[in-house]
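Here is a short report on one protein chain. Keep the sequence and the structure in view while reading.

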Amino acid sequence: PLPVEVDTTREGRAPVREAREGVRASEGLFGSARGQAWPSISLSSQYVKVAFPASGLPSSGDFLTDWTVGVRLEWSLFTGGRVSGDKLVAEANLLEARLRLEQALEQAERDTRSAFTALDAARAAWRASAGTVEQAERAYGIAEVRFREGISTQTELADARLLLQQAQINQAQAARDFQVARLRTALIHDLPFEGEGPPSTP
């Protein structure tokens with residue numbers, strides 16, 4: 001069993017989340033580029049008290065109210081194609097980001113399935129290695145008895161010991177591979193796809 005409950009949904013994978021954020025950012029840039037073609041209106045207001053005393057410090061009756069309100073309308077009529085060019089670039093970037101998201105979703109499904117297949121294979125290899133070690137231990141025990149009884153040679157005993165040591169090494173390697181596969185499936189939600197480096201921000 002896995003040490004924790006594993007999120008195997010492809011939407012939860014880190015590269016998919018990164019690609020989805022890229023789509024949102026591209027959508028924002030596309031909306032901004034498209035908005036350049038529309039006029040912009042700004043409203044400003046300023047309220048101050050001013051005084052012009054004849055001498056010394058002003059009194060409360062010397063202050064006058066100065067309140068200004070302004071409205072500004074901006075509309076770029078002649079841009080030399082810059083606005084339409086920015087819009088085309090932003091639209092292309094958005095399309096590319098959406099394609100990257102689709103690819104990430106497909107790869108997430110394949111990668112998750114591959115990780116659990118590797119886990120099953122590693123578990124099977126680890127269990128098989130335990131049986132191999134058990135057989136090698138029995139064979140070595142028999143070889144020791146035969147050597148003590150004088151019906152086998154030192155070479156036969158050395159070969160049996162070598163096979164036992166090799167079986168133990170293989171078991172240790174299989175145990176290590178199983179733990180690595182087990183850890184990968186447990187942490188798969190936040191890991192990059194197999195064969196890729198850590199996620200990078202474009």
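In which crossing, left-handed or right-handed, does α2 pass α3? The crossing is left-handed. The model behind this report is predicted.

## Overall layout

The protein chain holds 3 helices and 2 strands. Read from the N terminus, the order of elements is α-β-β-α-α.

Of the 202 residues in the protein chain, 22% are buried. Take the contacts between residues at least 6 apart in sequence: 76% of them join residues at least 24 apart.

## Helix α1

Helix α1 covers residues 14-35. Its 22 residues should span 32 Å, because each residue is expected to add 1.5 Å. The end C-alpha atoms of α1 are 32 Å apart, which agrees with that expectation.

Several residues of α1 are buried. They are Ala 14, Pro 15, Val 16, Ala 19, Val 23, Ser 26, Phe 30 and Ala 33. An α-helix has 3.6 residues a turn, so residues three or four places apart point the same way. The cover over the buried residues of α1 includes α2, residues 82-148.

## α1 against α2

Two packed helices are described by the angle between their axes and the distance between the axes. For α1 and α2, the axes come within 8 Å and cross at roughly 165°. An angle over 145 degrees counts as roughly antiparallel, so α1 is roughly antiparallel to α2.

The crossing of α1 past α2 is left-handed. Sorted by class, this contact has 15 nonpolar, 3 polar and 8 charged residues.

## α2 against α3

Helix α3 runs over residues 154-186. It packs with α2 at an angle of about 160°, and the two axes are 7 Å apart. That angle makes α2 roughly antiparallel to α3.

As stated at the start, α2 passes α3 in a left-handed crossing. The contact of α2 with α3 has 23 nonpolar, 7 polar and 10 charged residues.

## Arg 184

Helix α3 contains Arg 184. Is Arg 184 buried or exposed? Its relative accessibility is 18%. Buried means under 20%, so Arg 184 counts as buried.

Which residues are in contact with Arg 184, leaving aside its neighbours within four places in sequence? The charged partners are Arg 13, Asp 111 and Glu 194. Ala 115, Leu 191, Pro 192 and Phe 193 are also in contact with Arg 184.

Notes:
Residues numbered from 1 in each chain as written. Predicted model: local features only at pLDDT ≥ 70, side-chain atom pairs only at ≥ 80, totals over all residues. Heavy atoms only, no water. Helix = DSSP H or I, 4+ residues; strand = E, 2+ residues; numbered from the N terminus. Expected span 1.5 Å × (residues − 1). Buried < 20%, exposed > 50% of the residue type's maximum accessible area, 1.4 Å probe, protein only. Contact = heavy atoms within 4.5 Å. Axes fitted to C-alpha atoms, helices over the stretch in contact; angles between N-to-C directions. Parallel < 35°, antiparallel > 145°, perpendicular 65-115°, else oblique. Left-handed = near helix turned anticlockwise from the far one by under 90°.
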